[in-house]
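Reader: I should like to learn how to read a protein structure, one feature at a time. May we begin with the one before us?

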Amino acid sequence: TKASQTTKKMQTQRKRKLMAAANETTIEPHEQRKEAPKDETFRLSPLTLRDTEALLEVYNEPDTFPHLAQGNKWERKDAERFLKFCEADETCPLEKRENFYWGIRVNDDELAGYVGIHTVKYNRAHERNGVRQFFATFVIRTAQRGKGLGPRALREGLEKFHALMPHIPTVFADLHEGNERSATALQKAGFAFVLEPGRKNRLRVRVGKKELLRLSKSFQQKEPSRADGDKVEKEAPRDRKRKAEDSEPHS
């Protein structure tokens, strides 16, 4: 019949359109699909004078040195003095040792930065009962940021320190306000902001003309630590999915 002929004609036209659309469809090749960045593999090892040139490059990067010490660039003599200091600490008896530094090595031996756990002169008045207070510092080369090195190197450095100095209950960290990337890395490594006594405000520590925010991490408590009786903000969950964030250095 005429109606059935019209129906068949419409079905044929529909099939032709579907076949044409299928021929125009392209599938992105598997090798062109974007994959999530993988964490950089690394190892921690002592800093030595052989690291002088690499350390100068890392320290003097434009977005690095303003966050460190007095905020000035290093000359070669500054890097050499610091590295000699690190080498001498490696042979110091643990009961007297005040500084622990490790280079962050990638690609076999490339210096991607360093992690330090050390005492600070401006905090000596707050040490109690002869127990020294240690502070964490970390620096990541700009080219190596965005690979999750900061939090992971911090965690490994803390584990090494605690294995050597198990009687130290807490490690602190002071950083410039606004340095959010370093704050994030520290929180992922188990630190939490210390709060002012009886308040909800974050504790600020004045060092010369600078004002620093203080964080702490306790080795003895699963809950957020207490630093000299001060409260701390709730610690970031450790099982949170890691983000590949870079981490700026801090003093």
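Reader: In what pattern do the helices and strands follow one another along the sequence?

Author: Helices (H or I, at least four residues) and strands (E, at least two) are DSSP runs, numbered from the N terminus. In this protein the pattern along the sequence is α-β-α-α-β-β-β-α-β-α-β-β-β, with five helices and eight strands. The model is a predicted one, in which local features need pLDDT of at least 70 and side-chain atom pairs count only at pLDDT 80 or more, whereas totals for chains, interfaces and linings use all residues. Residues are numbered from 1 along each chain as its sequence is written, and side-chain values use heavy atoms, with hydrogens and water left out.

Reader: What share of the residues is buried?

Author: A residue is buried under 20% relative accessible area, exposed over 50% and partly exposed in between (1.4 Å probe, protein chains only). Of the 251 residues in the protein, 44% are buried. Contacts, meaning heavy atoms within 4.5 Å, give another view: among those between residues at least 6 apart in sequence, 68% join residues at least 24 apart.

Reader: How does one read the pairing of strands, and which strands pair with strand 8?

Author: Two strands pair if DSSP finds at least two bridges between them. Strand 5 (residues 170-176) runs antiparallel to strand 8 and is joined to it by seven bridges; in this pairing, threonine 170 stands opposite serine 218. Strand 6 (residues 192-193) is also antiparallel to strand 8, over two bridges, and alanine 192 has serine 216 as its bridge partner. Strand 7 (residues 204-207) pairs with strand 8 in the antiparallel sense over four bridges, with valine 205 opposite leucine 212.

Reader: What do strand 7 and strand 8 form, and how many residues lie between them?

Author: They form a hairpin with two residues between them, and glycine 208 in the turn has a positive phi of about 65°. Strand 8 (residues 210-218) is largely enclosed by the rest of the structure, because seven of its nine residues are buried.

Reader: How should I read a salt bridge, and how many does the structure hold?

Author: Side chains of opposite charge can pair when their charged atoms come close. The rule used here asks for a side-chain nitrogen of Lys or Arg within 4 Å of a carboxyl oxygen of Asp or Glu. The structure holds 12 salt bridges. One of them joins arginine 145 to aspartate 63, with the closest N and O atoms 2.9 Å apart. Arginine 145 lies in the loop between strand 4 (134-140) and helix 4 (149-164), and aspartate 63 in the loop between helix 2 (52-59) and helix 3 (76-90), so the pair ties together parts that are 82 residues apart in sequence. Arginine 145 is buried, at 10% relative accessible area, whereas aspartate 63 is partly exposed, at 31%.

Reader: Where do arginine 81 and aspartate 78 lie relative to each other?

Author: They are three residues apart in helix 3, and therefore separated by about one helical turn. Their side chains meet in a salt bridge (2.8 Å, N to O). Arginine 81 is exposed, at 52% relative accessible area, while aspartate 78 is buried, at 15%.

Reader: Which residues of the largest nonpolar core touch the most other members?

Author: A nonpolar core is a set of buried Ala, Val, Leu, Ile, Met, Phe, Trp, Tyr and Cys residues joined through side-chain atoms within 4.5 Å. In the largest one, of 31 residues, those touching the most other members are Ile104, Ile117, Phe161, Leu186 and Phe191. Helix 4 gives the largest share of this core, five residues. Another core lies apart from it and has 16 residues, among them Leu68, Phe82, Leu111 and Tyr114.

Reader: How does one describe aromatic pairs, and how many are counted?

Author: A pair of aromatic rings is described by the distance of the centres and the angle of the planes. Rings of Phe, Tyr and Trp (its six-membered ring) pair if their centres lie within 6.5 Å; planes under 30 degrees apart count as stacked, over 60 as edge-to-face and the rest as tilted. The count is 11 aromatic pairs. Tyrosine 59 and tryptophan 74 are stacked, at 3.8 Å centre to centre and 5° between the planes. Tyrosine 59 is buried, with a relative accessible area of 3%. Phenylalanine 135 and phenylalanine 172 form a tilted pair, at 5.6 Å and 35°.
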